[in-house]
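Here is a short tour of one model, taken a feature at a time. Please have the sequence and the 3D view open as you read.

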Amino acid sequence: MLDRSKRTRMNRRQFNVLAGATGVALGAGLPRAVLAEGTPDSATIIKGKESGMIVHNAKLGVMETPLKDLRKHAITPKNILFNRLHFPHPGDSAWEATTAAPSDARVKGWTIRFDGLVQRPRTLTIADLQKMGMEKRVSVIQCAGNGRAFYAAEKKVGGGQWHNGGMGNVEWEGVPLRPLLDSLKMAVSDKALWLTAEGWDQPATPEGSDFAKSYHIGDHALDHAILALKMNGEPIPSVHGGPVRLIIPGYYGNMNVKYLTNLLFMAAQSPSVFQSVGYRFPNFPVTPATFKANDYTIYNSRPTYAHVIKSVIFSPLPEDKPKPGNITITGVAFNDGNAKITKVEVSTDGGKTWTDAEVKEGMSPWAWHHFTAKAKLGKGKHLLVSRATDALGRTQPINGLARWNPRGYEWNGADHVEVTV
Amino acid sequence: MRAGTLLFAALSACVALTAAYAAIELPDGPNRALVYGQCRTCHDLQYLKESAGITRDDWDQLLISMKQYGLRLEPDQRAKILDYLGTYLGPNPPPKTAAAAAPAAAAAKVDGAAVFKDQCTACHQENAQGVPEQFPPLAKNADLFLSPDYPVRVVLFGLEGKIEVNGKKFDSAMPPLDVLSDQEIAAVVNYVRGHFGNAALAPKTMKAVDAGLVAQLRGKKGTTAAHVYDYRKKLKGGGH
């Protein structure tokens with residue numbers, strides 16, 4: 001009991017610190033600060049990416065989008081979309097460092113194996129998929145680690161220190177998953193409870209774990225899933241998972257398996273480290289003292305499946321240096337697509353008073369929804385805050401540190417941006 | 001410009017475009033080289049740099065995670081790496097001047113086999129067989145004798161781009177290991193040239209490399225992995 005109250009007090013104090021003097025670290029500022037000396041420019045790491053993206057790991061092609069670029073587009077173009085890969089890219093066994101489509105030879109030789117607890121395994125080529133009916137899905141794609149840097153106000157979490165730029169609003173197009181699985185008439189066993197997706201990229205060492213993700217077969221999110229062949233109207237770029245990527249709208253980036261080669265009907269979820277230990281979120285609130293990075297089990301945690309509700313302020317950013325007087329606060333809000341975003345509240349005084357922003361419905365339930373609010377700012381520092389709520393009553397914690405977790409996933413605290421007028 | 005020079009320039013530009021590793025420096029301290037030798041197989045040192053400030057216990061947790069993702073360390077290597085990370089990338093790193101005393105240790109006798117274990121095996125494997133499609137073998141690798149100083153250049157400046165070794169193709173990025181001392185680089189090159197079935201491939205006239213040669217090459221500032229790639233190409237008569 002004592003420990004608990006102590007912890008609450010500490011959080012409160014830390015939050016005040018974070019929302020006050022160092023508030024800027026919480027918000028959208030500091031993109032350049034994370035650039036490590038010696039890191040090559042994004043445009044030299046992946047051919048076709050804009051120069052000046054925020055690089056987290058050159059060898060793995062990991063980079064996030066500065067918000068000043070992200071806010072310019074309704075649909076995030078490939079040249080600025082964030083990127084995250086898990087394995088380096090030596091030889092012919094993994095990704096090509098380009099936003100161009102994979103080579104014709106690679107596409108031609110590509111197969112997707114449908115196998116596991118089925119009587120009749122199948123194999124399809126890209127050409128087979130191209131003959132089938134396609135549907136579009138606009139969805140936010142977001143790294144599960146997006147916002148990890150903000151958890152440092154409670155206790156710093158190891159790994160890439162993402163701010164808010166590990167996301168984008170993207171239009172995917174491909175073959176709907178469930179009708180496709182039905183049409184293959186594989187005679188799936190009753191014992192199959194999980195669908196496992198595997199990608200073609202391979203770990204750098206023989207002991208490394210292959211990348212795989214498993215979903216409950218009955219997961220309603222799969223009703224909207226597609227085997228995507230196109231991103232923003234063209235073949236999916238090499239670095240973003242082409243020629244074929246499993247897209248589950250509303251799910252975190254890692255659940256949308258790139259370079260799809262296998263869909264397996266299984267009795268249990270994949271033993272891949274990426275499913276069983278990595279990319280998981282505890283089932284109950286944890287603290288740095290009670291839960292360590294390797295305390296995750298499949299019983300006390302769940303994979304980072306669906307986007308938790310979130311809003312991000314796009315304007316003004318600290319670098320916009322707004323002038324005194326009337327300003328417009330803009331940004332985006334999104335969730336897992338299971339309920340309408342009903343409200344985005346905005347504050348200019350660190351959360352003491354709130355006004356409702358105008359929310360424009362997104363291109364799909366999974367897309368981001370733009371919000372706009374008018375405010376008047378005098379000279380001085382102002383802490384802007386945004387918080388989204390949906391029709392199920394789900395909302396963002398004012399203090400995102402309440403969801404601190406040792407691997408730093410699913411940050412969705414009310415967004416804080418300090419601007420100096 | 002002559003055609004040859006043009007080709008050379010185009011080639012260099014092409015290689016430079018895939019500069020996929022970052023030349024990130026970590027704070028100087030004991031066992032830093034071991035960290036360089038083990039962690040860059042899968043990712044840049046930027047992950048370490050961005051994580052700086054976490055506690056020793058959190059680094060310990062990270063090493064557990066990394067084992068799950070494929071990192072293989074001997075217990076003594078693990079202890080050394082944890083010491084380095086917990087100290088120099090921990091919440092209270094010592095001031096820079098405190099680490100400057102390290103060079104004295106370099107005077108001690110250098111064991112090529114030990115350097116090989118710490119610096120080469122994470123990618124090229126303990127038996128030097130490499131990993132298909134990922135890392136070329138050092139075993140029975142005649143390229144080690146392309147010239148007296150070729151492997152020294154690879155170790156000092158790295159090698160990046162499409163190469164062929166014993167009929168197998170590779171396209172990876174070896175980072176520069178210039179964090180090693182002249183003695184260590186000479187020792188590891190001589191060790192690899194004398195083991196793993198390489199001794200039989202050595203031309204009779206080729207002598208062991210010494211620290212002086214390494215120092216001389218190290219002095220050529222501005223040399224990059226792309227230059228080493230071009231040098232290799234020249235030695236192989238235009239092939240790779």
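## A hairpin in chain A

Let's begin with a single pairing in this predicted model: Val55(A) has Met63(A) in E2(A) as its bridge partner. That pair belongs to a wider arrangement, in which strand E1 (residues 54-57) of chain A and strand E2 (residues 62-64) of chain A run antiparallel and are joined by three bridges.

Between the two strands of this hairpin lie four residues. Look out for Gly61(A) here, with its positive phi near 65°.

## Two helices in chain B

Now over to chain B. Helix H9 (residues 150-157) of chain B and helix H12 (residues 225-235) of chain B have axes that come within 9 Å and cross at roughly 160°. Angles over 145 degrees count as roughly antiparallel, and H9(B) and H12(B) are therefore roughly antiparallel to each other. Their crossing is left-handed.

Which residues of H9(B) meet H12(B)? They are Tyr150(B), Arg153(B), Val154(B) and Phe157(B). On the H12(B) side, the residues are Ala225(B), His227(B), Val228(B), Tyr231(B), Arg232(B) and Leu235(B). Sorted by class, this contact has seven nonpolar, one polar and two charged residues.

## Where the chains touch

Finally, the two chains together: 36 residues of chain A are in contact with 36 residues of chain B. On the chain A side, helix H3 (42-45) and E1 each supply at least two of the residues that touch chain B. By class, that side of chain A has 15 nonpolar, 15 polar and six charged residues. E1 of chain A thus appears in this report twice, once paired with E2(A) and once on the side that touches chain B.

Conventions
Residues numbered from 1 in each chain as written. Chains lettered and ligands numbered in written order. Predicted model: local features only at pLDDT ≥ 70, side-chain atom pairs only at ≥ 80, totals over all residues. Pairing = 2+ DSSP bridges. Axes fitted to C-alpha atoms, helices over the stretch in contact; angles between N-to-C directions. Parallel < 35°, antiparallel > 145°, perpendicular 65-115°, else oblique. Left-handed = near helix turned anticlockwise from the far one by under 90°. Contact = placed C-beta atoms within 7 Å. Nonpolar A, V, L, I, M, F, W, Y, C, P; charged D, E, K, R; others polar.
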